[in-house]
Amino acid sequence: MKKDKKHIKWLNGELPLWQEKGLISPESSRQIQDLYGYQEAGFHWTVVIFAIFGALLIGGGLIMVFGHNWDLLARGVKASLAFGLVLAGQGVAAFTLWESKGTAWREGSAVFLNLALLTGLAIIGQTYQLGGNLERLLFWWMMISFPTCYLLKSRASTVIYLLVLPCCFMEFTQNNRSELVKATYFLVIGWAPILWLTVKSWISYYRRGEERLITAVSFLSIFSSLAIYHEAYYHGNIMFAILCFFCISYLFAVEAGVLNSLTLMGNPLARFTEFYIFVFMSIMTFRDAFKEIMLRDSTMSLNIVLVVLLAIYGGFMLTRKNYCPALFALYPLLVLAGMLIFTNATLAAIFMIVLNLYFGVICVSLIMKGERERRLFHVFFGMFWLSLLIFLRFIDSDLELIGKGIAFIIIGIGFLVANIFFAKRIRSAQKEVTHEA
Amino acid sequence: MKRKIIISIFALAAIVQLAVLGSSIVRYENILTTGKVWKFEIEPVDPYDILRGRYVRLRFKKRKLKVASDFFDAEKYYYRKNGYLVLNKKTDGFTEPLEAMNARPESDANWIKCQFRRNYRNKAEAEVSYPFDRFFMNEKLAPEADKVMRRNSEFMKNNRVYITVRVKDGIGVIENFWVDDTPIADFLRQEMKK
């Protein structure tokens, strides 16, 4: 039997949905999978994206640890640390090039090296008490990091660049720093080819129906960063907009059954809504966000109405067997319960712990589901949000920068190790099934 | 062959990256070792830099000076104008800005590269924007500095708060931050113990 990988990927994506809708039994699903073999859509890109995430966590952690400002360390030691970090980043990048490693390595090592360069520049700035604003530091960082992006063909670094350059440009223009504006034009010209290649590849991938999630998330990030830059977030009640957006995403996601069949590829709207639902759940783990929904006079009644409607909808979903995972269906009910008790300080504190745990349970259930169904994207999606939840709580805590930084590094390393472990495990299970078939 | 070329280019890029970092270190170490020492009186405030950590932003007590009528181009709008500031050491050992110049002064150690803000109300006056405007501190000490100094005008009246800057070839690097001849880190630790 001739096996078309593309169609098998599609079939594998559809099976859980058919199963959840009661069209086929779990046994039939397994038999179909065994007959046609297993090809998870976007397996490769799942590994790549989460390798980048791991590198970002470790790099971010390093920046925090050095941001602590070790005033007991001598200048020479600090300078050596800056050098050592960059050398380590260059070592990993050189290994990647020497061994002609794959995309996950290239992207991960480029992000790590570029963050090491940024940390190095920041340490020197801190050690020698250099003036100048943040944009100037970022400008110099981009100047020395762009060859790495070319050589390692790193799209992630290019996305970071896309976010940073407009900020520098606007700052230099606004403050009439003509010499830096001119230099930024050179930087734009220097980066133009890799920018063009990245945009071109995005367009072609988009046409082929791949990488849509990356495109959507990247553009969303660009718009968000510009909105933050223009201080748009300070006008009006942002939590109301966030809640409205959640309601729309939630209804769409449940109706389209996307929460049952998370994949990296496929309908970009579905990918976006499932991503946004998790963004919302993360925001709600902050007590201040909850308070904003509850105590903002202008929109409080509307917020309550929205959550009540959503809770009723979630209740209906529970009665429609296998249509929406129970943990998601119950979520609006839980939020509603929180709104009812939030005026009591003690109950509110307990509620926030419960809400955090609930989000954690959703993430763990995703990891378990992914492991059971040999779906790497489920596993990593769960791991991603679980890691985010953990380090949001660290950020929120009264820990010093060094504590937070170390937590970031540990989570980042854990993430990379789990990435390798699950990828190997699921890949070998897939091979086994394909071999048997 | 292609891989060898890429690795060679990478090696070159890596050397450039290290050279940028290394040359900064060598340059500032050289200034700190051989530069001439100047004392500037300051009024600190305490902000935060997301990448470099906590720092005390420095407001200089002596930051206004008279400028020649041709220092700013009358037709042009300036946010900040680049120029050279000639420094003067007063009898008490502290520094005051003496003269703003468009051209680089003769080989003398008493000047720094600076930016100047024009005073549009009083065109004969400018405000100096010193290139060393922040002092990075431990994240515990910086808020303490803010508490002790910025919100305490009595303290600023009774104590001399200043920085020492090493200057060489027009570039200044902060050596330390002092409160009455005690390094600020030591001073704040003593304060925190009280």
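Two strands count as paired if DSSP finds at least two bridges between them. Keep that in mind for the first stop, and remember that this is a predicted model.

**Stop 1: a hairpin in chain B**

Select residues 161-168 of chain B, which make up strand β10. Now add residues 171-179 of chain B, strand β11. These two strands run antiparallel to each other and are joined by eight bridges. To see one facing pair, pick V167(B) and look across to G172(B) in β11(B). Next, go to the turn: two residues sit between the strands, and D169(B) has a positive phi near 50° in this hairpin. Colour β10(B) by accessibility and you'll find seven of its eight residues buried.

**Stop 2: S109 in chain A**

Jump to chain A and select helix α5, residues 103-127, where you'll find S109(A). Is S109(A) buried or exposed? With a relative accessible area of just 2%, S109(A) is buried, because the cut-off for buried is under 20%. Show its side chain together with that of T96(A): a polar contact of 3.3 Å links the two. Then turn on the backbone oxygen of R106(A), which is 3.3 Å from a polar atom of the S109(A) side chain. Beyond its neighbours within four places in sequence, S109(A) also has contacts with V92(A), A93(A) and L152(A), among others.

**Stop 3: F10 in chain B**

Head back to chain B and pick F10(B) in helix α1, residues 2-34. F10(B) is buried too, at 6% relative accessibility. Which residues does F10(B) touch, not counting those up to four places away in sequence? Select Q90(A), A93(A), A94(A), L97(A), L113(A) and L151(A) to see them.

Note on methods: Residues numbered from 1 in each chain as written. Chains lettered and ligands numbered in written order. Predicted model: local features only at pLDDT ≥ 70, side-chain atom pairs only at ≥ 80, totals over all residues. Heavy atoms only, no water. Helix = DSSP H or I, 4+ residues; strand = E, 2+ residues; numbered from the N terminus. Buried < 20%, exposed > 50% of the residue type's maximum accessible area, 1.4 Å probe, protein only. Polar contact = N/O pair within 3.5 Å; in protein donor to acceptor, adjacent residues only side chain to side chain. Contact = heavy atoms within 4.5 Å.
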